[in-house]
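Okay, everyone, thanks for making the time. I'd like to walk you through a handful of charged side chains and then step back to the whole chain. Have a look at this first.

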Amino acid sequence: MPRNTRAETSGTEASRTTETRTVKTPGTSRALPLAATVLTGTVALYMALVAFGNITDFDTNRQFVRHVLAMDTTFQDRQLMWRAITSGSVQDAAYLAIIAWETVAAAVLVLATALGVAGLRRGDFAGARRMATAGLLMVLVLFGAGFIAVGGEWFAMWQSKAWNGLEAATRNFLVAGMVLVIVHLPGAAGRRGDER
């Protein structure tokens, strides 16, 4: 009897061991982290180019910001025009703040991409996920709150045919939002324990 009991116990332990093993399909364990890293890198590149363009070609988008804040190409409704900011120094300060925000967001996303690449080797994406989240949220705040809400609604940018950046802002907002969702999909953090 004791031998049969031992054999049954060994069989039970063997089945428990089998149940806890994870079967990995080749190539699938890193597919989602790779996609999240590549997409984060794409947004990082875009934001870096936007910041670089605004720094090296300062006057082009400076005029955009000035016209949006001055509301000089809107319907000129007296009910709204009290919102206009016509001070050149305040307009320039707002533009410099936008450039600084873009630059920091780009740097955070570049760092997130580097952490993601390193995570592909180590299988640890928790740091990359946190950094990507911070950078992508910065992009969402810039284009969602800054351009769509404040520029589009408060300063009535939607009324302007000449200085209307709502389409581009919406596109950037949606891309950053999509990437943020992908970064937070189950499995995008690599190891099961890192998904927090």
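So, start at aspartate 59 and arginine 62: their side chains form a salt bridge, with 3.7 Å from N to O. Keep in mind while you look that this is a predicted model. Both residues sit in helix α3, which covers residues 58-70, and they are 3 residues apart, about one turn of the helix.

How exposed is aspartate 59? Its relative accessible area is 39%, so aspartate 59 goes down as partly exposed. Arginine 62 comes out at 22% relative accessibility, which also makes arginine 62 partly exposed; the cut-off for buried is under 20%.

Now stay on arginine 62, since its side chain also meets the side chain of aspartate 92 in a salt bridge, at 2.8 Å from N to O. Here we leave the one helix: arginine 62 is in helix α3, but aspartate 92 is in helix α5, residues 88-122, so this pair ties together parts that lie 30 residues apart in sequence.

And is aspartate 92 buried or exposed? Aspartate 92 has 16% relative accessibility, so it counts as buried.

Aspartate 92 has another partner, too. Its side chain makes a salt bridge with that of arginine 66, at 3.0 Å from N to O. Again the pair links distant parts of the chain, with aspartate 92 in helix α5 and arginine 66 in helix α3, 26 residues apart. Arginine 66 has a relative accessible area of 23%, so put arginine 66 down as partly exposed.

How many salt bridges does that rule give us? The count is 3. Put the residues side by side and you get a network of salt bridges linking Asp59, Arg62, Arg66 and Asp92.

Okay, stepping back to the whole chain. What is it built from? There are 7 helices and 0 strands, so if you read the elements from the N terminus on, you just get α-α-α-α-α-α-α.

The chain has 196 residues, and 36% of them count as buried; aspartate 92 is one of the buried residues. On the outside, the chain exposes about 11,700 Å², with carbon and sulfur atoms supplying 64% of that.

Last one, on contacts. Take those between residues at least 6 apart in sequence: 77% of them join residues at least 24 apart. The link from aspartate 92 to arginine 66 spans 26 residues, and the one from arginine 62 to aspartate 92 spans 30.

That's my bit, thanks.

Conventions. Residues are numbered from 1 along each chain as its sequence is written. This is a predicted model: local features need pLDDT of at least 70, side-chain atom pairs count only at pLDDT 80 or more; totals for chains, interfaces and linings use all residues. Side-chain values use heavy atoms; hydrogens and water are left out. A salt bridge is a side-chain nitrogen of Lys or Arg within 4 Å of a carboxyl oxygen of Asp or Glu. Helices (H or I, at least four residues) and strands (E, at least two) are DSSP runs, numbered from the N terminus. Buried means under 20% relative accessible area, exposed over 50%, partly exposed in between (1.4 Å probe, protein chains only). Contact means heavy atoms within 4.5 Å. Accessible areas come from the Shrake-Rupley method with a 1.4 Å probe; for residues, only the protein chains shown count as cover.
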